[in-house]
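Trainee: I am new to this structure. Please take one part and go through it closely, then show me what ties it to the rest.

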Amino acid sequence: MRGVYRSPSPLYWPFRIRMLEYAPIAAFLLLFQILRSRFAGLRLAFLAAAALWTAFVVVVAETLGFFHAIHRTALAPVWLAACAGLAFILFRSRSKPATLWSLARTEWRALDLWTRALAAASALLAAILGATALLSAPNTYDVMAYHMPRVMIWMQQRTLAFFPTQMANMNFMPPGNELIQLTFAILGQDDVLANATQWFAWLGVLAAVSLSLKLLGADRRGQWLGLFLAATLPQGVLVATGAKNDVTLSFWLVASLAFALAFGQESSRRNATLLALAAALALLTKSLAWFLLPSFGLALLLVWKRPAWMALFRQAGVILPLIILVSGPFWLRSYREYGSITGPRIGNRDMLFGYECERFTPGGIAANVIRNLAVQFNTGPDSLHQTLDTGFRSAVSALGQDPDDQQSLWPGSSFHLQPFYWGEGGMSNMAHLLLYGALALAAILGWRKPDNRLALTLWASAILAFLLFSGYLRWQPWHTRLHLPIFVFAAIPAGWMLGRLPAKWTAAPLLVLFGGVAIYASTQNTLRPLTGPYSIFDAGRTATLFSERRADGPSYEAALASIASSGCRKVGVIGGRSHFYYPAFVLLGGFTGEREIRFLRQEGSAVEPPDYRPCALFCVECAGIRARAELMRQFGLEVREFADHQVGLKPPTAAPALAP
């Protein structure tokens, strides 16, 4: 079996030279350099370049997809032309901004000792996360189930149109982050940069948080404290090296706030354009943005003056068309399929149950607030963990609510704290929550002070976002990851308030406690560890594919090897008890077009797409499911079992008898 993961060394892939794969990166760097001479400040130029670059990625993908032309020969000329055009503009530019090194040196000299320590720790953390993102394959379960598989299907069908699949999340969930991954996947014919999208967004979060603090009037120390708090969120550290979209959403939300603050100071069309793009990209990344954006925007009620609000209405002719340009094509596909731009409603075959609660009563909402607070106290040792678990369940019961109310919980789940481990599903932001709570209380008690009023407005925005989140969405055991944008936003008022305290009272404790935990977490990520028997420095990329399910790797690979050795070039994939799809696309040569791999959707005897006739079928964790075996026989395939997996192959043809 040939596959793009058969590298001689785990260090080979990230550092090989593939010009086409890095053309979009070159375009971003050129654009950033051009904008540096047009914007007041390095961070604003960085955020502006990110917004314009990502909007270009989306528009190019949507345009090519409309013509069924999402392939390398169409995409490569677009990015090479973009690089050439930007290089020409930069060459003709008469302005020569200061070098990045000189700016960094100037900033370093302006910092006190403790703030320098915060900056150095943040830089070290960024380097560790960057290396981890490059050296590991995408491997979180959600990424295996729908984030990356949808990228592979788009590549093969050369369009972004919806397609038959049992995992409907591939269709109705916003695709913003995956469109970036699609661009790199097509140009590089691999997934080496798939994790890097979130790492880049993590850098963007730091820039947006610190810039927002600057625009609010915080001094250098306050800006660095806010940046450090956002950088050291344990949950953020763990997801920043993966291929999901939580950090990307956080980035566009706080970037929207930064652009809004810039618009409040200078109500220009340029700032209105950037605000529109960031808001559109947030909505295109994750549906949580629909109520997080307005919640975070509450802060503008105090920050913006009346002329800024009037200017915003005057710029509506710029803002609305840009939002529709970026997000409109996906919304149109969703509306055509489901009758709604936000996806299917409950009862649709793609939405058998909703993400929203079924109980909207004061007691039900209060109970869900407690449940969502609880996930942030997921910590050890076991005795403390059990005590906290029992305490939170008792608190819900004290409200007269059932802790395991299925109208407020993810179907089939019960309200308990997740077992603690150094992974995305088991890590909380408890220390940050306790600090944020103390600072918010201090702002409330000191509301008469003018400085605290601004902080109080920001805290009110964060609290409103948390209340809306808790009251509307069903509680899930892994909600700590979905809380990330709220914790990132809360770093802004926290940095504002801490920056007014002596450095030795703030920077030193944060550096030891928050910085130490974050750096340790960055090396111990259970899916992408830097040390131990499963270190990504020792494992090949194929091994890291199965980090979520290491014991399942051998049987999974054996099943795919049987398909590869059969010579079949049209493979169908379907799920059984699991949707662990992505390794099948990788190991069967999906990136290089070695095989055509499609999802099949089975409903009774009907199979979609009806015109696809595979010569092999791979069913993930469906051993013993009679309907799946019957499906394989329906295609004239012989069923073979590999532990929990099934493979359907054409039966071997008997060799013709020799004539006497």
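Mentor: What follows starts with a pair of helices, moves along the chain, and then turns to salt bridges and unusual backbone spots.

Keep in mind that this is a predicted model.

Start with helix 2, residues 42-66, and helix 8, residues 176-188. The two pack with their axes 9 Å apart, at an angle of about 75 degrees. Angles from 65 to 115 degrees count as roughly perpendicular, so helix 2 runs roughly perpendicular to helix 8. Which residues make the contact? Helix 2 brings W53, T54, V57, V58 and A61. Helix 8 brings L179, I180, T183 and F184. Sort them by class and the contact has 7 nonpolar residues, 2 polar ones and no charged ones. The numbering has a rhythm worth checking on screen. An α-helix has 3.6 residues a turn, so residues three or four places apart point the same way.

Now step past helix 8. The loop between helix 8 and helix 9 holds D191. Its side chain meets that of R541 in a salt bridge, 2.9 Å from N to O. R541 sits in helix 25, residues 541-545. The pair is 350 residues apart and links distant parts of the chain. Are these two partners buried or exposed? D191 has 2% relative accessibility. R541 also has a relative accessible area of 2%. Buried means under 20%, so D191 counts as buried, and so does R541.

Next comes helix 9, residues 196-216. Does the span of helix 9 agree or disagree with its 21 residues? At 1.5 Å a residue, helix 9 should span 30 Å. Its end C-alpha atoms are 30 Å apart, so the span agrees. Helix 9 is also mostly covered, with 16 of its 21 residues buried.

G217 follows helix 9. The phi of G217 is positive, near 105 degrees. G217 lies in the loop between helix 9 and helix 10, which covers residues 220-231. With 49% relative accessibility, G217 counts as partly exposed. Look across to W496 as well. G217 and W496 are 279 residues apart in sequence, yet their C-alpha atoms are 8.6 Å apart in space.

Back to the salt bridges. How many does the structure hold? It holds 21. The bridge of D191 and R541 has been covered; here are two others.

Take E358 and R474. Their closest N and O atoms are 2.4 Å apart. E358 is in the loop between helix 17 (316-338) and helix 18 (362-374). R474 is in the loop between helix 21 (450-472) and helix 22 (479-482). The pair is 116 residues apart, and it too links distant parts of the chain. Here the burial is split. E358 is partly exposed at 47% relative accessibility, whereas R474 is buried at 2%.

Then take R549 and E621. Their side chains meet in a salt bridge of 2.2 Å, N to O. R549 belongs to the loop between helix 25 and helix 26 (553-566). E621 belongs to the loop between strand 5 (616-620) and helix 28 (626-634). The two are 72 residues apart. R549 is partly exposed at 25% relative accessibility. E621 is buried at 14%.

E621 deserves a second look. It has a positive phi of about 50 degrees although it is not a glycine. R158 is another non-glycine residue with a positive phi, about 60 degrees. R158 is found in the loop between helix 6 (141-157) and helix 7 (169-172). With a relative accessible area of 40%, R158 is partly exposed.

Finish with a network. Which residues does it link? R349, D350, R601, E603 and E608 are joined by salt bridges. E608 has a further feature in the backbone. The peptide bond from E608 to P609 is cis, with omega near -10 degrees. P609 lies in the loop between strand 4 (606-608) and strand 5.

To retrace the path on screen, begin where helix 2 and helix 8 cross at about 75 degrees. Go on to D191 and its bridge to R541. Follow helix 9, which is mostly covered, to G217 with its positive phi. End at the cis bond between E608 and P609.

Methods: Residues are numbered from 1 along each chain as its sequence is written. This is a predicted model: local features need pLDDT of at least 70, side-chain atom pairs count only at pLDDT 80 or more; totals for chains, interfaces and linings use all residues. Side-chain values use heavy atoms; hydrogens and water are left out. Axes are lines fitted to C-alpha atoms, for helices over the stretch in contact, and angles run from 0 to 180 degrees between N-to-C directions. Helices (H or I, at least four residues) and strands (E, at least two) are DSSP runs, numbered from the N terminus. Angles under 35 degrees count as roughly parallel, over 145 as roughly antiparallel, 65 to 115 as roughly perpendicular and the rest as oblique. Contact means heavy atoms within 4.5 Å. Ala, Val, Leu, Ile, Met, Phe, Trp, Tyr, Cys and Pro count as nonpolar, Asp, Glu, Lys and Arg as charged, and the others, Gly among them, as polar. A salt bridge is a side-chain nitrogen of Lys or Arg within 4 Å of a carboxyl oxygen of Asp or Glu. Buried means under 20% relative accessible area, exposed over 50%, partly exposed in between (1.4 Å probe, protein chains only). The expected span of a helix is 1.5 Å times one less than its number of residues.
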